[in-house]
Structure formats: structure tokens, C-alpha cells
Amino acid sequence: MLTLAIQKKGRLHDSTMSLLKDCGIRLSNGGKDGLIADADNFPLRVLYLRDDDIPECINDGAADIGIVGENVIREKKKDLKIIKKLGFARCRLSIAVPKNMSISKPEELNGLSIATSYPGILKDYLDSNSIDASIYEISGSVEISPGIGLADAIFDIVSSGSTLLSNGLKEVITVMTSEAVLTGKDLETEKQKILDQLIFRIKAVREAERNKYILLNAPKNKLDEITAIIPGMKSPSVIPLAREGWCSVHSVISEDDFWENIEQLKKTGAEGILVIPIEKMVR
Ligand code: ATP
Ligand code: MG
């Protein structure tokens with residue numbers, strides 16, 4: 001049995017639960033209530049915790065692995081491995097100052113006080129840039145600190161920047177970027193085997209998210225051109241159509257190249273293009 005610590009409630013929770021579900025893992029109580037749930041079809045136990053407690057919990061062995069933001073791992077300074085980046089809860093941790101303050105270089109932070117819920121990451125940044133600024137630790141509502149005279153600047157999580165804007169602040173220095181990761185320490189062989197199975201499933205789910213299945217009709221004489229645009233996992237499947245001189249081409253395309261590929265395909269004379277989500281993908 002492998003024990004996984006995840007966030008009980010908050011920004012990581014829903015994406016973590018859907019990842020487990022997409023990996024085919026069914027939790028005994030649906031994961032909604034209680035603090036512990038066992039999967040009934042995979043050797044996994046899930047602990048629901050505050051995200052701040054997850055690194056410590058893995059460090060002292062109460063959990064084997066966890067899903068948490070990289071920022072929390074860095075803040076808690078535990079010696080944990082990043083096993084797999086998971087692509088959700090993407091954000092950056094930045095220093096922001098009131099709109100009318102001009103800061104263009106890190107040195108200009110000297111002498112300021114900076115409010116944050118991440119004093120560890122901020123201290124490392126200040127020390128490594130030899131900046132002498134004071135850190136004011138606050139556990140929430142960091143953005144209001146300059147406005148109410150608690151600090152000159154803030155260091156906090158930013159995603160769209162709209163919260164900063166609505167509090168009259170602007171982002172001046174990005175200290176780190178973060179996303180949710182699967183993290184843990186070295187495991188004994190049996191647990192490592194279960195973890196390998198879990199990673200295999202996560203990879204299949206993540207690959208599927210990044211790719212789409214595409215079907216189209218094309219004149220046979222354009223097949224080489226089309227194959228060059230959508231080579232697929234090995235090569236596209238080509239199925240003859242009842243209509244002379246035409247075929248149906250099936251392949252896989254990456255989400256990132258999607259619109260560019262569609263435009264190129266249209267130019268070759270492809271028509272009837274269908275694009276379908278993929279549930280799992282194993283290369
Ligand atoms: P907990 O109650 O578990 O301690 P929390 O309030 O500390 O939760 P959340 O706000 O739920 O934390 O955020 C969890 C993680 O999600 C953060 O550590 C960060 O990695 C990421 N995150 C936070 N805010 C954002 C955002 N605005 N956009 C994207 N990711 C974010
Ligand atoms: Mg927290």
C-alpha cells in the first residue's frame with residue numbers, strides 16, 4: 001500500500017481528484033468526507049491535509065508521496081524529490097510594489113519591508129542577491145499590506161495579476177514559477193513498484209490531455225503532404241473511401257500545434273476534419 005497526501009480543500013484539490021479519477025483510481029468514500037480514504041481498485045491510501053503540512057508529512061514517513069505546489073516544497077525546505085510535474089496550479093511567486101513606486105532592479109528593494117506568506121523563499125532570494133530588506137510574515141490577505149501601511153511591498157503568488165491590480169500593486173520581480181507536482185522520498189521496492197504504476201497512468205493521462213485524435217477526408221494524391229503535417233504516433237491510418245480517389249486519414253496531433261496544423265491541412269485540400277479528445281495515451 002502506498003500513501004499519498006493531497007490537499008483537503010483549495011486550489012489543488014479538484015484537479016488532484018480528477019487526476020486520480022482519470023488514472024482509474026476509485027476512492028472508497030469518494031474522497032469527500034473524512035481525512036483518509038483507501039482506493040478499492042488500487043493499493044493506494046489518500047490522506048487529506050493542508051498543503052503546508054504535506055512536505056513534513058512525507059518527510060517523517062506518514063505519507064510516501066504527495067501532490068503539492070513546488071512553492072510549498074521550496075518554502076518548507078524538506079529534502080523531497082520532484083517525481084513528476086503535473087501541469088496544473090501554474091503560478092509565479094513575485095515581488096509587487098504600489099503602482100507609483102519605481103523598482104527596476106533587485107538592489108532597489110534595499111531598506112524596504114516586504115510582506116509575505118512565503119518567508120523562506122523570500123529570504124533565500126534576498127540573501128542570494130545580497131539585499132537588505134525586512135520580511136513581514138503574514139498568513140493571508142498579503143495584497144492589502146502596502147495599502148494599510150503594514151509593509152512597503154509584497155511577495156506573493158500571482159497567476160493573472162488581477163488581484164494585484166485591484167489592490168493598486170504591480171509585479172516587479174518574478175522570483176520563481178510553480179506548478180503542482182508529485183513529490184516524495186526514496187521508497188522501498190514494493191512501494192516503488194506501486195509508484196511506478198501510478199506514474200505510468202499519470203503519464204498516459206497527461207499525454208492524452210496534450211493530444212487530440214484527428215480524422216479527415218483527403219484526395220489520395222495529397223497523402224504525402226498530409227502525412228508530413230500529421231505524422232501521428234507512428235504514421236497515420238489511411239482508410240479508403242467509397243468515392244474514387246479519396247481516403248480518410250486518422251492521426252494524433254498535439255494541442256500546441258493544433259490551429260497551425262488545421263490551417264496547413266485545409267490548404268492541402270483536406271475536408272470534413274473532425275477532432276476528438278483522447279482519454280488515455282500510451283506511446
Ligand atoms: P491550504 O488550506 O491547503 O493551506 P492554501 O490556502 O495554502 O491551502 P491554495 O490557495 O489552495 O493554498 O493554493 C494551493 C497552491 O496552488 C499554492 O501553493 C500554489 O502552488 C497554487 N496556487 C495558488 N494560487 C494560485 C493561483 N492564483 N493560480 C494558480 N495556482 C495557484
Ligand atoms: Mg497552505
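Which domains does the domain assignment of the protein chain give? In this predicted model, the assignment gives domain 1 (2-87 + 180-186), domain 2 (91-178) and domain 3 (211-277). Domain 1 is thus written as two stretches of the chain, 2-87 and 180-186. Between domain 2 and domain 3, the C-alpha centres are 49 Å apart.

A good place to begin a tour is helix α1, which spans residues 13-22. Its buried residues are His13, Thr16, Met17, Leu19 and Leu20. Viewed down the axis of α1, these buried residues fall within an arc of 160°, so they line one face of the helix. A general point about helices helps here: an α-helix has 3.6 residues a turn, so residues three or four places apart point the same way. On the face of α1 turned away from the buried side, the exposed residues Asp14 and Lys21 are found. The cover over the buried residues of α1 includes the strands β1 (2-7), β3 (44-49) and β4 (65-69), together with helix α6 (189-210). After α1 comes glycine 24, with a positive phi near 80°.

The interior around this helix can be described through its nonpolar residues. The largest nonpolar core has 29 residues, and Leu4, Ile25, Leu27, Leu44 and Leu182 are those with the most contacts inside it. At least two residues of this core come from each of β1, α1, β3, β4, β11 (180-184) and α6. Helix α6 gives the most, with six residues. A second, separate core has 19 residues, among them Ile114, Tyr118, Leu122 and Met176. Returning to the largest core, leucine 4 offers a close-up of the packing. Not counting residues up to four places away in sequence, leucine 4 touches Leu20, Leu44, Arg45, Val46, Leu47, Ile65, Gly66, Ile67 and Leu182. Of these partners, Leu44 and Leu182 are also listed with leucine 4 among the residues with the most contacts inside the core.

The model also holds a metal site. The magnesium ion (ligand 2) is coordinated by Asp51 (OD) and Asp52 (OD), at 2.0 to 2.1 Å. How accessible are these two aspartates? Aspartate 51 has a relative accessibility of 17% and counts as buried, because the limit for that class is under 20%. Aspartate 52, with a relative accessible area of 28%, is partly exposed.

Valine 97 gives a view of another buried position. This residue lies in strand β6, residues 91-98, and is buried with a relative accessible area of 0%. Leaving aside neighbours within four places in sequence, valine 97 is in contact with Ile103, Ala153, Gly168, Leu169, Lys170 and Val172. Valine 97 and leucine 164 are 67 residues apart in sequence, and their C-alpha atoms are 9.1 Å apart in space.

Two serines stand out for their backbone angles. As a general rule, most residues other than glycine have a negative phi. Serine 130 has a positive phi, near 50°. Its place is in the loop between α4 (119-128) and β8 (134-137), and at 64% relative accessibility serine 130 counts as exposed. Serine 141 likewise has a positive phi near 50°, and lies in the loop between β8 and β9 (153-158).

Towards the end of the chain, an aromatic pair comes into view. How many aromatic pairs does a search of the whole structure find? The search finds one. The ring centres of phenylalanine 258 and tryptophan 259 are 4.7 Å apart and the ring planes are at 85°, so the pair is edge-to-face. Phenylalanine 258 is buried, with a relative accessible area of 13%, whereas tryptophan 259 is exposed, with a relative accessible area of 64%.

Leucine 241 completes the picture. This residue is found in the loop between β13 (237-240) and β14 (246-254), and is partly exposed, with a relative accessible area of 31%. Apart from neighbours within four places in sequence, leucine 241 is in contact with Asn217, Trp246, Cys247 and Ser248. From leucine 19, leucine 241 is 222 residues away in sequence and 39 Å away in space, C-alpha to C-alpha. Leucine 19 is one of the buried residues of α1, the helix with which this tour began.

Technical notes. Residues numbered from 1 in each chain as written. Chains lettered and ligands numbered in written order. Predicted model: local features only at pLDDT ≥ 70, side-chain atom pairs only at ≥ 80, totals over all residues. Heavy atoms only, no water. Domains from an automatic or database assignment. Donors = N, O, S within 2.8 Å, 3.2 Å for Na, K, Ca; no water. Buried < 20%, exposed > 50% of the residue type's maximum accessible area, 1.4 Å probe, protein only. Helix = DSSP H or I, 4+ residues; strand = E, 2+ residues; numbered from the N terminus. Arc of directions from axis to C-beta. Contact = heavy atoms within 4.5 Å. Core = buried A, V, L, I, M, F, W, Y, C linked by side-chain atoms within 4.5 Å. Phe/Tyr/Trp six-rings, centres within 6.5 Å; stacked < 30°, edge-to-face > 60°.
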